[in-house]
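Biologist: Could you take a close look at one chain for me? I'd like to hear how far to trust it and how it sits with its neighbours.

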Amino acid sequence: MTMVQALGLYNYWVVVFLMMTGFYIVIARRNLIKSILGLNIFQTSVFLLYISMGKIDGATAPIVPPDIAAAAAHHGDHHSDHHGHGEHAGHGVVDHGVDHGVDGATEIAHEAAHSATGYVAMTGIDAENIVYSNPLPSVLMLTAIVVGIATTALALALIVRVREDYGTVEEDEILQINQEEWAAGRERAAKKKKASPGVSAR
Amino acid sequence: MIEANLPVLLIVIPMITAPLCVLAGRGRIAYAMSLLASVLVFAIAVALVIKVGDSGTIRYELGGWEPPYGIEYVVDRLSSFMAMFVSALGMIVLFYAPHSVNKEIQPSKHYLFYATYLLCMTGLLGICVTGDLFNVFVFLEISSLSSYALISLGRTRRAPLSALQYLIVGSIGATFILIGIGLLYQMTGTLNMADIASRIDTIDGPRTIMVAFAFLTVGLCVKMAVFPLHTWLPGAYTYAPSVVTCFIAATATKVSVYAFIRLVYGIMTPKFAFELLPLDSALMVFSLIGIFVASTAAVFQDDVKRLLAYSSVAQIGYMLLGVSMSNIDGLTAGIVHMFNHALIKGGLFMVAGCFILRLGSSRLSDWAGAGRTMPWTGFAWAIGGLGLIGVPMTAGFISKWLLLTAAMQNGWWPVAALMLLSSLLAVAYVWKVVETLYFSEPSDAVVASTEAPAGMLIPTYAIIGCVVLFGIWTTYSAGLAAAAAAELLGATP
Amino acid sequence: MTDPVNLIVLSLVLPLVAFVMNFVLGNRPNARECSTVVIATILFGVVGLLASSVFDGQRPELFVSEMLPGFSIAFSVEPLGMIFALVASGLWILTTIYGAGYMRGHHEKHQTRFFGCFALAIFAAIAAAFSSNLFTMFVAYELMTVSTYPLVTHHGTAEAKSGGRIYLGILLSTSIAFFMMAIAWTWSLCGTLDFKQGGILNVPYEAGEISTLALGVLLGLFAFGIGKAALMPMHRWLPAAMVAPTPVSALLHAVAVVKVGVFSLLKVVVYIFGIDLLQATGVNLWLAYVAGFTIVVASIIAMTKDNLKARLAYSTIGQLAYISLGAALATPDSVIGGGMHIVMHAVGKITLFFCAGAIYVAAHKKNISDMAGLGRQMPWTFGAFLVASVSIIGLPPGGGAWSKWFLAVGTAETHQYALTAALMISSLLNIAYLVPIPIQAFLKPRPDRDSNHDSDHSHDHGEAPLACVIPLVITATLSIVLFFAAEPIYQALLPIVSE
């Protein structure tokens, strides 16, 4: 791997960096709030991973330009037909894409764009250079973000409860309190055991 | 109309009922609605089992979008079997719930409790029937998030803390799964499981597939609570309300095992997982260590719920042993043990719930002599415990026997021997409780206690009865599991 | 109705009926025990009818269900099982009568549970006796363990708890760790678990799928996995189980439980290994020496025990090892001797236990040293004790003479003279630890200190309740009768060792 290639994957380096940062924070930080922040960073890195997966160099947002859309409205049947074929083709070449070490998803997006191009050529509108990014990863991430927010909200709510009960959000202190409680419970149980022969004798 | 839409109704009914419970705002109405929903769901699941048995795999296109564009639900033998027992346990635990919920959860939160319970069930059932990988992640998070919330409802202040610990570990696991799914998508351009399976080149494919598989495996191992990733489980099971523990212990980890089976046998191939990658040896080692460590830990617990929780970690090891054998007998054993263990552990946690209701404590030392004042509950423990040990005429024996013969067939002698030795530890921790129940001097609190209410005993005995029934009659446990295993292995020759 | 298959069904269902009836009639002890006695008598009749057809050469079979593919619950009756079933069902009648007298004389609690579990144990014994494959036998074997646990721990005391713990611990762990392993191994070798005349393991052995050494290991797994056979060092549960009430010790630990153990061992040797295979390979000899060792050591330990039940327990361990020895020698004569000894020892030992219980009920004595002089007050009990001792020792006219004879012939046939010597030494030891008990009781005067203590029972307790005495007199008589009636048993057992 040459330097240029390595640098070309800079988005993945960012992802890895964020991922490790977040993971480290979760593991190393004993403050509950900070752990949750780490968790968030960790999750966000995955969002970036997905989004960069769908991105294609020089591609535009996957929105059909208005003029093409208008033209498509004229040939409604045709459009859906061809579009469908285009996507099928897109799936068909994935293996080929894999062989070359290119992202499959990128290939699909390319293919989708090509089909649009072919269609455009047929309808006479010049759109040779339109390349669309793959929208699906972004859509998936919308769901994942929602899940992430729900997780964070729940975690924060739980931390509030913990703080109410223990008076702290430092895990070390909480563990210490638990340990003291446990030791006290054992002492009580031991006392009870000592007391019980007396009870039975009576 | 209804028949064609059964797969989606399985998910939609509990999912819609949950917000309705919240809208109802009253505990009793919410209970009635969730009970109704769970009965319906169980009926649907049974209908699906029958239908799949008659006419083979059902593929359902969600919203009419044909796969791979739309999400597809796939109900085959394994998933219908899973859906059936998850919904059955969900239903029975709900029948069991009211007394325990009244005692352990504030009345003002009852309706929220039932709503969350249904959401948890939705998530678990969703994992069973979906054929879309990203959908698995979503349902996994639905069930996990709702179980974090359910666990935090426990009585002590440990409950929210345990829930939070579970949340952190569980979210990391879920994110690992998300990364794995992402990498698989990157390689194949599709999220449909069957589609991925047909496109993936597991033999000469790029390393990304291995990495994806690794991420998914580790993520699922967290959710399955495989040793040494089990640390969240004992706390979560111990401090959750009794009803929640019954349900989650019986179903949640098993559904993750199901997802793992799908991953190995449905998406990847056993050849990839067990021959190209040494996953079978890794699983075997971790399972066996887990079985021994967790069983030993269980022997030394005073808190009965924690004891059972450690036992669950050990039992997951048996299931994974079966799965990792990658022959039809081993897989059958793994699948049937999911079912049998769900019954046994669900039943035992229900018994524990009865004792907790009457004695107000889950510590074994507070249960001393309770077998005399609560004879029915105590007897149920004895039967369930025999099932856990794997004594003949109980469900536990069937799975252990299958596992043993499968290990023999693979020529895994040491595994077979260790497996049998490990069940001696189960004897130790089950009998510890039995002796305390029957041979210890009861304290005043125990003497004053009375038998658990019939409303709890009847569902408990329904489950415990099943433990015995499926120890004698295996057509619908081992039979269905064997058919499911055959289908899984047949699909990927 | 007299179709043998129906009889099998009936003999399996009857104990279960008794089990249910116990709980239905739980509040009315008289009706409860009457029903058990009636059912037990019917059962004996049914088993007797079945026996007449089986000894005529029929082999009725009953297929119940296939629990798992290849593993079915099925029954078929062959002579060895038939004899065991006859013994268990016949002695069940007597024990129920005896148990009723004992439990009431002793004001025991939880009698319903007691008799209920008892019936369940009988069910397990019959099921094991009639089992047609190893799987069924294993299920019955484990059911026996679990159903007798409440009987062993009946008193609920700390002593009962620790006894029960040892009992369950050893029996469950040996069966799970070794017996189950051995069964699964057999299954993986043969693909079947059915008992077959001549054995099933000879096929894989001849095909070279199992080495001679491995065959020996497999035999060891069976021998020690069947913990109920109480071969040393798996014998500890038996003395521990003596904390149970005496009727339990009598039926279960002289007849049902231990006999299920040695019976299973015999059946495994005859129908799984096949005596020809064992003779050809010689892998059985080490087991024979383990049995011989157990015989001698258990007898020596028995001499040191002052507690009567403990002494009888070690005596039982020694006597069981006779049967194991018969199985381990694997000659036709030794196997027949082992089979006969199941009967002879059952009758003799149950008499001894009945006597121990009767003494305890009447005189509240547990220790042998306290029993001097009791014979004059309890002549029937100690008379029966003497008769049964003669049979256990193996002297004519006790039934045990025949079985010991065949076992001794077996050791001579295989030229294992050390084992012959072990048998003889053991007989001498038997005399030393059994005969002095009734002799002392009859001939020695009662010690004085006894009359000062134990105010209410020591003077005028007389004989034990009639319900206790009648059964023990019957069984004592039976052990004499068996000496003269050994021929039918021999004839019945002959088919299992001849092709």
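Modeller: Sure. One term before we start: a contact here means heavy atoms within 4.5 Å. On that basis, 2 pairs of chains touch, and chains A and B share the most contacts. Chain A and chain C, on the other hand, have no contact joining them; their closest C-alpha atoms are 14 Å apart.

So let's stay with chain A. Keep in mind that this is a predicted model. The mean pLDDT of chain A is 73, with 67% of its residues at 70 or more. Within chain A, the high point is helix 8 (residues 136–166), at a mean of 92, and the low point is helix 6 (residues 94–99), at 37. Two stretches of chain A have pLDDT below 50. One is residues 77–105, which still has 35 contacts in the model beyond near neighbours in sequence. The other is residues 197–202, and that stretch has 0 such contacts.

Now for the annotation. An unreviewed UniProt entry lists "transmembrane region" for residues 12–28, 35–53 and 139–160 of chain A. How does the model draw them? Take two of these. Residues 35–53 of chain A are 100% helix and 0% strand, with 28 Å between the end C-alpha atoms. Residues 139–160 of chain A are also 100% helix and 0% strand, and there the end C-alpha atoms lie 32 Å apart. For that last span, recall helix 8 of chain A, residues 136–166, where confidence in the chain is highest.

Key:
Residues are numbered from 1 along each chain as its sequence is written. Chains are lettered from A and ligands numbered from 1 in the order in which they are written. This is a predicted model: local features need pLDDT of at least 70, side-chain atom pairs count only at pLDDT 80 or more; totals for chains, interfaces and linings use all residues. Side-chain values use heavy atoms; hydrogens and water are left out. pLDDT is the predictor's confidence in each residue, from 0 to 100. Helices (H or I, at least four residues) and strands (E, at least two) are DSSP runs, numbered from the N terminus. UniProt positions are given in the numbering used here, feature names are shortened, and annotations may be inferred rather than shown by experiment.
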